[in-house]
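Please open the structure in your viewer and keep the sequence panel beside it, since this tour moves from one selection to the next.

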Amino acid sequence: MTSSSVSTTASRDVLIFSQRRLNDNVSRCSGFEFEDVLTEIEAVDIVAPARKRDRSLPYDPKRWLSKRTDLFRHWPSGAQKVTLQKDYDIFVCDVQKPQELLTLDAIPNWREHCGLAVCVLEEVWSKDLHVHLPLIRSLAKFDLIACAFAEACDTLHSITGKPVIHLPGAADMVRFAPTSLSAERPIDIYCMGRRRPELHDRLLKVIKDRAGFYLYDSATKPPTTAQHAVHRDLLANLVQHSKLFMVDIAKIGHADQKKGNIAWGPRHVEGIAGGAAQIGYAPDSEDYRQFFDWPESVFRLSEDPDEAIDQIVGLLETPGKLDQMRRVNMAQALNKHDWLHRWAQILEKLGLPESDGMAHRRQVLSDVSEILLSGDTVQTA
């Protein structure tokens, strides 16, 4: 099938290449949620290969080769192969980092059976584009590249010659939206993942002195999960019961990894999606202002930890301000930060119409917005 044979109607077949059986890190759950939402609004088949039990074909040599030569494509990744038997209008390859592209050999005939092909890259730092140059060049097989990091888009385009759009993270708003914006929120502040040590130490003392509830991660190694949907349900529930949700610039404290890049991730959506007031640190960049173009989106804390603590306590003691922030944020999140809106960006760039499933989900989001902002309670199934 060639690009010219892609359906021009809203009825189409979509194939997703997923890493859900290859990577159980909780950081991948957001991307798997995106795939799940697509299955609700499009006619989707998911190919999710597992690693072969036979370890005689190790993965590392392919990764080593991908940094040095285009010949990497001839070394098997060890992922179980699936041969396509039907044609698809759109192929979506959803990967977090470029290295996950190495397992694309699991579908050897994907290009022959798919009309338009989109690669979604959740995390790619500019330095990695040249470290994995042969692997990045292989993206030229795709018709569109959707990159979550705005700073990498121009370089990706220059290397591949293909259109590249900035596609940041989002959230399943049907899952994350609280049943009520006036319900009790016993968690004073939720800080997920990386944190600033000086601010964290002060928060531990201040919230304890206030007899409050400060929720943070204590694990020292990346956690894993066997059920991504269960993890997303848990995260949504925690945010729905938090007054404040801490956000920060991606890879805070890991300058060696980001090499000067300034980026933001799904966390900047997940807080407002669950109805918490979002506080912390966000890029002062054009791409951030494009997606968060209202003042309540994040309460920016001072870089001085003592001043930041005073700001946090001040917010906790001003419930009326918090209520206003969460109501404005919820309206904006339902209107522009569901995974539906990211898929719509892709379709617009491809020149394709929206599906009936997308129209239905837009109506659901509109209904939830109307109920929440009127002060009523959303009824869950």
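In which helix is the place of Arg361? Select residues 356–373, which form helix 16, and you will find Arg361 within that helix. Keep in mind as you look that this is a predicted model, in which the protein chain averages a pLDDT of 90 and 92% of the residues score at least 70.

Before going further, colour the chain by pLDDT and select residues 1–9, where the value is below 50 and where the model has 21 contacts beyond near neighbours in sequence. Then select residues 256–260, a stretch that also has a pLDDT below 50, with nine contacts beyond near neighbours in sequence.

Now return to Arg361 and show its side chain. Arg361 counts as buried because its relative accessible area is 5%, which is under the 20% cut-off. Add Asp172 to the selection, and you can follow a polar contact of 2.6 Å between the side chains of Arg361 and Asp172. Leaving aside neighbours within four places in sequence, the residues in contact with Arg361 include Val37, Glu40, Met173 and Leu340.

Next, select Trp343 and Ile346, the two that touch the most other members of the largest nonpolar core, a set of 58 residues. Helix 15, residues 339–350, gives the most to this core, with seven residues. Around Ile346, not counting residues up to four places away in sequence, show Phe34, Val118, Val120, Leu144, Ile165 and Leu167, which Ile346 touches.

As a last stop, select Cys93, Val95, Ala117 and Leu121, which are among the 38 residues of a second, separate core. In soluble globular proteins, nonpolar side chains tend to be buried together.

Key. Residues are numbered from 1 along each chain as its sequence is written. This is a predicted model: local features need pLDDT of at least 70, side-chain atom pairs count only at pLDDT 80 or more; totals for chains, interfaces and linings use all residues. Side-chain values use heavy atoms; hydrogens and water are left out. pLDDT is the predictor's confidence in each residue, from 0 to 100. Contact means heavy atoms within 4.5 Å. Helices (H or I, at least four residues) and strands (E, at least two) are DSSP runs, numbered from the N terminus. Buried means under 20% relative accessible area, exposed over 50%, partly exposed in between (1.4 Å probe, protein chains only). A polar contact is a pair of N or O atoms within 3.5 Å; within protein, one must be able to donate a hydrogen and the other to accept it, and residues adjacent in sequence count only if both atoms are side-chain atoms. A nonpolar core is a set of buried Ala, Val, Leu, Ile, Met, Phe, Trp, Tyr and Cys residues joined through side-chain atoms within 4.5 Å.
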